[in-house]
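These are my notebook entries on one model, written up in the order in which I looked things up.

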Amino acid sequence: MRNYELWPSDRPSTEPLADGAALLRGFASRNAAALLDAVREIAAIAPFRHMITPGGYRMSVAMTNCGEAGWVSDATGYRYDSHDPETGRPWPAIPELFMALAAGAAAEAGFANFTPDACLINRYETGARLTLHQDRDEQDFTKPIVSVSLGLPAVFLFGGSRRKERPRRVRIESGDVAVWGGPARLAFHGIAPLAAGFDSLAGEYRINLTFRKAL
Ligand code: MD3
Ligand code: FE
């Protein structure tokens with residue numbers, strides 16, 4: 001994997017989303033091309049696949065991982081696994097550029113020394129969506145989750161700690177980074193069905209990186 005320099009944002013702006021959650025608009029925009037190059041290198045080793053939910057549904061979002069632990073779903077449930085079940089090989093390492101970006105964004109939002117060991121990579125095509133859920137397969141909920149949006153824009157659904165609370169809708173664009181920690185760490189969230197479009201770097205896709213401390 002070639003090494004890329006982390007470029008600082010050219011238009012820093014932080015929007016508070018909720019207690020513990022911040023949206024860093026454009027935080028990753030100058031690194032988008034390098035991040036997408038790295039995603040292609042990862043996917044050459046651990047290909048994108050549509051996982052099956054424990055309920056037996058094929059997810060519309062295609063996924064892969066890098067890091068010591070990768071998030072997987074199959075008929076037996078959700079888990080973090082050190083190996084890719086499709087290839088039997090360990091997940092590729094998290095590139096230095098990813099680590100620097102995740103730690104930098106977390107620090108900007110008030111979470112010092114964030115060292116993720118898992119990076120789930122989601123690929124959305126037209127119509128793909130993620131229904132409201134909580135991320136609770138990780139060991140330590142005091143650590144934040146950092147998410148990086150690349151490619152086509154999307155509508156992020158951000159609810160409360162109970163599923164019945166009606167979610168807010170926030171439009172997110174390529175280069176936007178969100179940090180979810182503290183009281184927001186277990187908030188329900190999802191992605192509305194992706195609208196068709198074309199992005200000069202990612203083509204017909206939206207790519208999302210979520211950095212987690214899973215182990
Ligand atoms: C809010 N991914 O992979 S990232 C996921 O854009 C996931 O692909 C979405 O939800 C995506 O699990 C949204 C934003 C996100 C991630 C974790 C959160 C929002 C969160 C944890 C708590 C609250
Ligand atoms: Fe999630």
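**Entry 1: strand 6 and its partners**

I began with methionine 63 and found that its bridge partner in strand 6 is asparagine 122. I note at the outset that the model is predicted. The pair belongs to a longer run, for strand 3 and strand 6 are antiparallel and joined by six bridges. I then looked up the pairing of strand 6 with strand 13, which is also antiparallel and extends over seven bridges. Asparagine 122 appears here again, standing opposite asparagine 208 in strand 13.

I next asked how many residues of strand 6 are buried. The count is six of the seven, so strand 6 is largely enclosed by the rest of the structure.

**Entry 2: the seven-stranded sheet**

I placed these strands in their sheet, which is open and has the order 1-2-11-8-13-6-3 with antiparallel pairing. Which strands stand at its edges? They are strand 1 (14-18) and strand 3; each has a single partner strand, so one side of each lacks a neighbour in the sheet. From one strand to the next the twist averages 20 degrees.

At the strand 1 edge, I found four bridges to strand 2 (residues 21-24), and the two strands run antiparallel. Threonine 14 is placed opposite leucine 24 of strand 2. Helix 2 packs on this sheet and touches strand 1, strand 2, strand 3, strand 6, strand 8, strand 11 and strand 13. The direction of helix 2 makes about 120 degrees with that of strand 8.

**Entry 3: helix 1**

I turned to helix 1, which covers residues 32-45 and has 14 residues. From its first C-alpha to its last, helix 1 reaches 20 Å, close to the 20 Å expected at 1.5 Å a residue. I listed its buried residues as Ala32, Ala34, Leu35, Leu36, Ala38, Val39, Ile42 and Ala43. What covers these buried residues? The cover includes helix 2 (96-108) together with strand 3 (62-67), strand 6 (118-124), strand 8 (145-151) and strand 13 (206-212).

**Entry 4: the four-stranded sheet**

I then traced a sheet of four strands, open and antiparallel, in the order 7-12-9-10. Strand 7 (130-133) and strand 10 (168-172) are the edge strands, each pairing on one side only. The twist in this sheet averages 20 degrees from one strand to the next. Two bridges connect strand 7 with strand 12 (residues 189-191), and these strands run antiparallel. Leucine 130 stands opposite isoleucine 191 in strand 12.

In strand 10 I looked up arginine 169. Is arginine 169 buried or exposed? Its relative accessible area is 59%, so it counts as exposed. Beyond its neighbours within four places in sequence, arginine 169 is in contact with Val155, Phe156, Leu157 and Ala192. Between arginine 169 and leucine 130 I recorded 39 residues of sequence separation and 13 Å from C-alpha to C-alpha.

**Entry 5: the iron site**

Which residues coordinate the iron ion (ligand 2)? The donors are His133 (NE2), Asp135 (OD) and His189 (NE2), at 2.0 to 2.2 Å. Their spacing in sequence is H-x1-D-x53-H. I compared the accessibility of two donors: histidine 133 is partly exposed, with a relative accessible area of 21%, whereas aspartate 135 is at 8%. The cut-off for buried is under 20%, so aspartate 135 counts as buried.

**Entry 6: two buried small residues**

I looked up alanine 184 in the loop between strand 11 (177-180) and strand 12. Alanine 184 has a relative accessible area of 5% and is therefore buried. With its neighbours within four places in sequence left aside, alanine 184 is in contact with Asp19, Gly20, Ala21 and Phe158. Alanine 184 and valine 146 are separated by 38 residues in sequence and by 12 Å in space, C-alpha to C-alpha.

My last residue was serine 73, found in strand 4 (residues 70-74). Serine 73 is buried, at a relative accessible area of 7%. Where does its side chain reach? The side chain of serine 73 reaches the backbone oxygen of isoleucine 52 at 2.8 Å. Apart from neighbours within four places in sequence, the contacts of serine 73 are Met51, Ile52, Thr53, Pro54 and Tyr78.

How values were computed
Residues are numbered from 1 along each chain as its sequence is written. Chains are lettered from A and ligands numbered from 1 in the order in which they are written. This is a predicted model: local features need pLDDT of at least 70, side-chain atom pairs count only at pLDDT 80 or more; totals for chains, interfaces and linings use all residues. Side-chain values use heavy atoms; hydrogens and water are left out. Two strands pair if DSSP finds at least two bridges between them. Axes are lines fitted to C-alpha atoms, for helices over the stretch in contact, and angles run from 0 to 180 degrees between N-to-C directions. Buried means under 20% relative accessible area, exposed over 50%, partly exposed in between (1.4 Å probe, protein chains only). A polar contact is a pair of N or O atoms within 3.5 Å; within protein, one must be able to donate a hydrogen and the other to accept it, and residues adjacent in sequence count only if both atoms are side-chain atoms. Contact means heavy atoms within 4.5 Å. Donors are N, O and S atoms within 2.8 Å of the metal (3.2 Å for Na, K and Ca); water is not among the atoms, so sites may look incomplete. The expected span of a helix is 1.5 Å times one less than its number of residues.
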